[in-house]
Amino acid sequence: MPDMRKKIFESGKTMSRKARSRLESGQASPASSRGGSRATSRHASDEDESDHDSLGSSVFNSDDSDDTGPVPPAETLHAHIVDLLDEKRDSGRDREIKLATYTELIRHHFSSEELEGRMSDILPILLKSIRSGRTAQGALWALKGLAITILTTGSEQIHETVYPMLKSLCQGTGYEDGNEAVKIGCIRTMAVSTMCGGASETAAEDFLDFLLGIVESDGHVIDAGDSGPVVSAALDAWGFVASDADDLGEESTRAIEAFTEQLESADVDVQIAAGAAIALLLEAARDHEKETEEPWNMHYDQDKLLQRLIALTKESSKSISKRNRRQLHSNFSSVVTSLELGKGPGYSNARRFAGNPHTGGNSQSGGNKADLDDFEEYGYRQRYRIQNLSLIIDTWSLSSRLNMLKIVLGNGLASHYLLNPVVRDLMSSARTELLWAPKARNNPVVELREAASRSSSGQRKSAGPKG
């Protein structure tokens with residue numbers, strides 16, 4: 001990724017001296033490259049998100065200002081779209097750079113008007129870059145760009161155009177290098193297209209069935225046998241799309257059997273994704289029974305499943321790194337608590353003093369009723385902060401949506417949440433808390449008070465001690 005940033009700016013198309021200085025200082029810093037020291041983590045198949053965000057910042061800031069003054073973001077994006085559409089004499093590396101630039105600009109800057117006006121030009125270029133087979137890296141950037149383009153425009157006619165080609169590429173072996181990563185990119189882009197690109201209910205069911213086939217076969221059905229990252233991506237995509245399904249009942253038994261089997265995987269990411277999918281499925285069953293007062297027709301051994309989930313909260317195998325063991329313990333403790341209490345992810349029934357939410361203690365036993373009334377449960381601890389808003393993630397379906405949006409948008413999620421109605425709609429069920437009140441602007445009363453305060457402060461300073 002640092003090489004990609006360097007290549008983009010060496011093209012010299014719109015790079016200011018200020019941006020070049022920023023880039024050179026970033027490359028000189030040892031902290032700018034973390035790949036060699038990072039431990040394996042959730043979604044290890046992804047490129048480092050910090051590299052994505054650094055690239056996006058570098059690309060965007062290179063056009064923010066120059067000696068002639070600031071360039072409007074829309075003008076910057078327009079120039080790069082024109083550049084993307086120009087394929088003359090492009091090498092494979094040139095296409096990678098153009099696709100990366102486009103993708104990172106729309107990742108960090110919501111630009112629906114510009115994209116909607118050029119979709120008839122942009123979509124064919126992205127699809128051509130995905131299926132051309134020139135380079136796997138170029139295909140990856142095109143897949144990411146397509147997913148964010150769909151999220152940005154919310155076009156309801158796009159799914160039928162892109163899905164067949166993406167599914168065919170996912171099932172094939174078009175790239176010698178990076179084939180696994182391209183399959184993962186196809187899975188995620190198909191998930192976004194299914195949710196936000198106008199897919200019918202039948203099309204969504206077909207995609208869920210396709211994903212279950214990947215999970216059941218350990219990836220063999222798409223020529224990615226025993227690939228943990230591919231199976232993990234399929235589980236994440238299943239949760240994302242299933243979060244919007246009206247009825248999961250027909251395939252629920254098949255699904256929970258497939259997910260339970262993946263709890264035995266040697267890949268920690270697969271185990272965690274399977275646990276989240278199980279929790280989402282059982283949450284859907286719980287909601288169905290509450291709404292209809294009828295049991296959901298899903299057959300599985302409840303006791304055996306719970307015992308396995310509890311065992312994963314205490315996993316102590318030395319073959320698993322300490323970091324991954326902590327991830328397992330944390331995630332499966334959340335799943336077990338959810339199933340036992342009928343709650344969403346990250347719920348804590350530890351108690352805190354009701355008068356001060358920042359202090360607490362274990363007051364679950366002992367004491368009299370009067371004492372217990374002074375305490376309350378912590379409740380939902382999984383939150384996502386955007387500026388002065390805290391989004392409370394209190395359902396597994398909401399958690400699955402946030403997880404996919406974080407993968408696709410990275411640090412651009414905050415901007416898209418605030419400005420993008422498609423992303424806002426996906427997260428609309430999240431309760432929000434205001435962390436602090438924004439300062440009132442253009443309020444004459446506030447301005448008069450501030451002016452009076454400054455005036456009185458100045459008078460006190462000028463009065464000073466005499467003598």
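Select helix 6 (residues 112-131) and then the elements that cover its buried residues: these include helix 4 (73-85), helix 5 (92-108), helix 7 (136-153) and helix 8 (159-171). Covering here goes by contact, meaning heavy atoms within 4.5 Å. Helices (H or I, at least four residues) and strands (E, at least two) are DSSP runs, numbered from the N terminus. This is a predicted model, in which local features need pLDDT of at least 70 and side-chain atom pairs count only at pLDDT 80 or more, while totals for chains, interfaces and linings use all residues. Residues are numbered from 1 along each chain as its sequence is written, and side-chain values use heavy atoms, with hydrogens and water left out.

Stay on helix 6 and show side chains. Among its buried residues are Leu115, Met119, Ile122, Leu126 and Ile130. Buried means under 20% relative accessible area, exposed over 50%, and partly exposed in between (1.4 Å probe, protein chains only).

Next, centre on Met119. A kink of about 80° in helix 6 is centred there; the bend at a residue is the angle between axes fitted to the seven residues ending there and the seven starting there. Between its end C-alpha atoms helix 6 spans only 25 Å, whereas a straight helix of 20 residues would span 28 Å. That expected span is 1.5 Å times one less than the number of residues.

Move to Ser338, in helix 15 (residues 322-341). Is Ser338 buried or exposed? Ser338 is buried, with a relative accessible area of 0%. Its side chain reaches the backbone oxygen of Lys343 at 2.4 Å. Leaving aside neighbours within four places in sequence, Ser338 is in contact with Arg286, Lys343, Gly344 and Trp396.

Now select strand 5 (residues 383-386). Tyr384 and Ile386 point to one face and are buried, while Arg383 and Arg385 point to the other and are not. Add strand 6 (residues 389-392), which runs antiparallel to strand 5 and is joined to it by four bridges; two strands pair if DSSP finds at least two bridges between them. Leu389 is the bridge partner of Ile386. The hairpin has two residues between the strands, and Gln387 takes a positive phi near 55°.

Finally, colour by pLDDT, the predictor's confidence in each residue, from 0 to 100. The chain averages 81, and 73% of the residues score at least 70. Among the elements, helix 11 (residues 228-242) has the highest mean pLDDT, 98, and helix 2 (residues 17-28) the lowest, 40. Over residues 1-41 the pLDDT is below 50. Where pLDDT is low, the predicted coordinates should not be read in detail.

Methods: Polar contact = N/O pair within 3.5 Å; in protein donor to acceptor, adjacent residues only side chain to side chain.
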